[in-house]
Amino acid sequence: MATDHPVVVYPPTADGGRRVRIDDHFVGIAYSVLDIAAFVQEAGLQDWDEMDVVRSSLIEWRSGGPEVWTPS
């Protein structure tokens, strides 16, 4: 992971999903912090769990943090 914020979680969509990008690749749609933890684990950080996702400075949350799953 090469940038300051290699993981970007985009704003929630109407169905509550948030697109997730790791480095230059979109890896999927997350519907919870658990989904983001799974994406990060697949990217090589196998020991990460939901608390690591919530606390990490490697993740840029756009339009709301890890507690926001509905559009504003």
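User: In this predicted model, what makes the contact between Glu-60 and Arg-62 a salt bridge?

Analyst: The side chains of Glu-60 and Arg-62 come to 2.8 Å, N to O, and the rule asks for a side-chain nitrogen of Lys or Arg within 4 Å of a carboxyl oxygen of Asp or Glu, so the pair qualifies as a salt bridge. By this rule the count for the model comes to one salt bridge.

User: Why are Glu-60 and Arg-62 called partly exposed?

Analyst: Glu-60 has a relative accessible area of 26% and Arg-62 has 29%; since buried means under 20% and exposed means over 50%, both values fall in between, and therefore each residue is termed partly exposed.

User: How do you know that strands β2 and β3 pair?

Analyst: Strand β2, residues 18-22, and strand β3, residues 25-30, are joined by five bridges in the antiparallel sense, and because at least two bridges are required, the two strands count as paired. Within this pairing, Val-20 stands opposite Gly-28 in β3. The hairpin of β2 and β3 has two residues between the strands, and Asp-23 takes a positive phi near 55° there.

User: Why is the aromatic pair of Tyr-10 and Phe-26 called tilted?

Analyst: The count of aromatic pairs comes to one. In this pair, the ring centres of Tyr-10 and Phe-26 are 5.7 Å apart and the planes stand at 40°; the centres thus satisfy the limit of 6.5 Å, while the angle is neither under 30 degrees, as for stacked rings, nor over 60, as for edge-to-face rings, so the pair is tilted. Tyr-10 lies in the loop between β1 and β2 and Phe-26 in strand β3, so the pair ties together parts that are 16 residues apart in sequence.

User: Which of the terms buried and partly exposed applies to Tyr-10, and which to Phe-26?

Analyst: Tyr-10, at 15% relative accessibility, counts as buried because the limit is under 20%, whereas Phe-26, with 45%, is partly exposed.

User: What makes Arg-19 a residue that lies over the face of Phe-26?

Analyst: Arg-19 is at 4.1 Å from the ring centre of Phe-26, and the distance limit is 6 Å, with a further condition of 35 degrees from the ring normal. The charged end of Arg-18, in turn, sits over the ring of Trp-69, 5.5 Å from its centre.

User: Why is Ser-56 called buried, and where does it lie?

Analyst: Ser-56 lies in the loop between α2 and β4, and its relative accessible area is 16%, which is under 20%, so the residue is buried. A polar atom of the Ser-56 side chain lies 2.9 Å from the backbone nitrogen of Leu-58.

Methods: Residues are numbered from 1 along each chain as its sequence is written. This is a predicted model: local features need pLDDT of at least 70, side-chain atom pairs count only at pLDDT 80 or more; totals for chains, interfaces and linings use all residues. Side-chain values use heavy atoms; hydrogens and water are left out. Buried means under 20% relative accessible area, exposed over 50%, partly exposed in between (1.4 Å probe, protein chains only). Helices (H or I, at least four residues) and strands (E, at least two) are DSSP runs, numbered from the N terminus. Rings of Phe, Tyr and Trp (its six-membered ring) pair if their centres lie within 6.5 Å; planes under 30 degrees apart count as stacked, over 60 as edge-to-face and the rest as tilted. A polar contact is a pair of N or O atoms within 3.5 Å; within protein, one must be able to donate a hydrogen and the other to accept it, and residues adjacent in sequence count only if both atoms are side-chain atoms.
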